[in-house]
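I set out to record the internal spaces and surface pockets of this protein. The entries below follow the order in which I looked things up.

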Amino acid sequence: MSVAVGSLIAALPAQAYAQTPASPDASSPSPWRIYTGPAHIGFSTSAEVRAGGQIVPGASAKADSNDSIGFGAIYDFHPGWSAELALGLPPTTALKGTGALAGAGTLGKVKYGPAVLSVRRQLWDGGPVRPYIGAGINYTLVLESRDGFVSSLHVKNGIGPVLQAGLEVPLDARWSFFVDAKKIWLKTTATGTLPALGGAPAHAKVRLDRLVVTAGVSYRF
């Protein structure tokens, strides 16, 4: 009897340990990632320009390309699916006249803060290179409008759809290298006056489509 009791007592710690729920794996990766890297912003622009209420035939505009620093956060909400919030340091682009406005030079400058919210689908996982595609929406906040050929320039904020594609190359369990491209469609309006035409009011419907290419590193918590 004493032998049996002793064996039972000896077995209790092992049994209690076996029935204790396993603690979460502290090494499990977080669904959150952050990233940063240099970004190049190229514009595809067009404009319908009115002066004094009348369309100026052949008048249009273009926007200079920009370089900036992109950054953002990614949340993996389902296997193969993630949500991304992409931001960037606000760049400044110069709007220049083309066509009938080519001689006007710089119409004005715009400092803007871009933001994109998108959903991404990873095409395949586990390989050395992991491509993905995505779609979302862009909101561009105009932080400052500076006069040029157009005085009292005011450019409105804009919103538009986004398509994206990219790839990630894991460097280790937490760090990855990535290249990402986002095509952004955006329409806005610009108003002001034209001192060269006696202060006539100016109004333009402007398309500021952008291609944003970012390369950098991401870190998973």
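How many cavities of 30 Å³ or more does a search of the whole structure find? I noted three cavities of that volume or more. The model is predicted, with local features needing pLDDT of at least 70, side-chain atom pairs counting only at pLDDT 80 or more, and totals for chains, interfaces and linings using all residues. Residues are numbered from 1 along each chain as its sequence is written, and side-chain values use heavy atoms, with hydrogens and water left out.

**Terms for spaces.** On a 1 Å grid over the protein atoms alone, a cavity is a set of points where a 1.4 Å probe fits but cannot get out, whereas a pocket is an open set with protein on both sides within 12 Å along at least five of seven lines; lining residues have an atom within 4 Å of a point. Grid points are joined across faces, edges and corners, and a volume is the space filled by probe spheres set on the points.

**Overall fold.** I counted one helix and 13 strands (DSSP runs numbered from the N terminus: helices H or I of at least four residues, strands E of at least two). The helix precedes the strands from the N terminus on. Buried residues (under 20% relative accessible area, 1.4 Å probe, protein chains only) make up 36% of the 221 residues.

**Largest cavity.** I recorded a volume of about 240 Å³. Its lining has 24 residues, with A86, L87, P114, V212 and T214 nearest the centre. Elements giving two or more residues to this lining include strand 5 (81-88), strand 7 (106-122) and strand 13 (200-220). By class I found 16 nonpolar, four polar and four charged residues (Ala, Val, Leu, Ile, Met, Phe, Trp, Tyr, Cys and Pro are nonpolar; Asp, Glu, Lys and Arg are charged; the others, Gly among them, are polar).

**Second largest cavity.** This cavity has a volume of about 100 Å³. Of its 14 lining residues, V110, T140, V142, L186 and L208 lie nearest the centre.

**Largest pocket.** I noted a volume of about 480 Å³. Among the 23 lining residues, R33, D76, Q122, R130 and R220 lie nearest the centre. The lining divides into eight nonpolar, six polar and nine charged residues.

**Second largest pocket.** I recorded about 300 Å³ for this volume. V49, L101, L107, V150 and A202 are the closest to the centre of the 22 residues that line it. Here the lining has 17 nonpolar, five polar and no charged residues.

Definitions and conventions. Buried < 20%, exposed > 50% of the residue type's maximum accessible area, 1.4 Å probe, protein only.
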